[in-house]
Amino acid sequence: MKKEDHICIDVYREEYKHAIIHLITGIQQKEFGLPITASDQPDLLYIPSFYQSNHGNFWVALQHNRVVGCIGLLDLGEGQAALRKMFVDATFRGQTASTARRLLDTLLHWAESQRLKNIYLGTTPLFLAAHRFYEKNGFTEIAQCALPSTFPIMKVDTKFYKYDVSTADSCSSSFT
C-alpha cells in the first residue's frame, strides 16, 4: 500500500489541537530554527473561533488518526481570505504522499464553494520548497503593500502570495 492511501483529510476538531501545535512548532523550531512558540501563535489555541467562522475553515491530514499536516483558511471579509498554518510532517511531503496537495485542494474547493475571490498568504524566506509549491499551484508573489488591510502579518513573514479563486481552473479532484 502507498503512503497516500493512508492519508485522509478531516475538518478540525478539538481533539486535534495539541497534535497540531506540536506539528507546527516542531517544524518551525527544529527544521527552520525560527524563534517562535505556541504562545506567539494564539490562533492555534482558538482554531474554531479564529478559523472556522464566516467563510473560513481548518483541516488536518491524518494517517491512522495521527496528525501529519494541517491548513487553515481565515476569512478576511469582502471575498478575501488568508491561507495560514500549512504544515506537513517531513515524512509526508513530496509527490509520493501528496499530503500538501490534498490539503491545498481541499482548501481551494472550499474557497470556490464559498465564492471567495482571492486567497493571500505570507511566508518566511526560509521555506523555499513551500515557495515552489505555491507557485506551481497558481499563487503569484506580490508586494506586502498589495495585501488587504485585514491581512494578519506575522513578524517572520516577509514573502507574500496571492491566488485568484475567481479565475482559477477548478481543481481536478476533491478531498473534502
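Helices and strands are taken here as DSSP runs, a helix holding at least four residues and a strand at least two, with numbering from the N terminus. On that basis, in this predicted model, Thr124 sits in the loop that links strand 5 (118-123) to helix 4 (128-136). Thr124 has a relative accessible area of 4%, and because the cut-off for buried is under 20%, Thr124 counts as buried. Setting aside residues up to four places away in sequence, the contacts of Thr124 are with Leu34, His131, Val156 and Asp157.

A second loop of interest runs between helix 1 (17-31) and helix 2 (47-50), and Ala38 is found there. With a relative accessible area of 24%, Ala38 is partly exposed. Once neighbours within four places in sequence are left out, Ala38 is in contact with Ile21 and Thr25. As for Ile7, which lies 31 residues from Ala38 along the chain, the C-alpha atoms of the two residues are 25 Å apart.

Leu45 also has its place in the loop between helix 1 and helix 2. The relative accessible area of Leu45 is 37%, so this residue is partly exposed. On the surface, Leu45 joins Tyr46 and Phe50 in a nonpolar patch, and the accessible area of these three residues together comes to about 280 Å².

Taken side by side, the loop residues give a simple picture of exposure: Thr124 is buried, whereas Ala38 is partly exposed and Leu45 is partly exposed as well.

Conventions: Residues are numbered from 1 along each chain as its sequence is written. This is a predicted model: local features need pLDDT of at least 70, side-chain atom pairs count only at pLDDT 80 or more; totals for chains, interfaces and linings use all residues. Side-chain values use heavy atoms; hydrogens and water are left out. Buried means under 20% relative accessible area, exposed over 50%, partly exposed in between (1.4 Å probe, protein chains only). Contact means heavy atoms within 4.5 Å. Patches are made of residues with over 30% relative accessible area and no salt bridge: like charges are joined within 9 Å, nonpolar side chains (Val, Leu, Ile, Met, Phe, Trp, Tyr) within 5 Å. Accessible areas come from the Shrake-Rupley method with a 1.4 Å probe; for residues, only the protein chains shown count as cover. A salt bridge is a side-chain nitrogen of Lys or Arg within 4 Å of a carboxyl oxygen of Asp or Glu.
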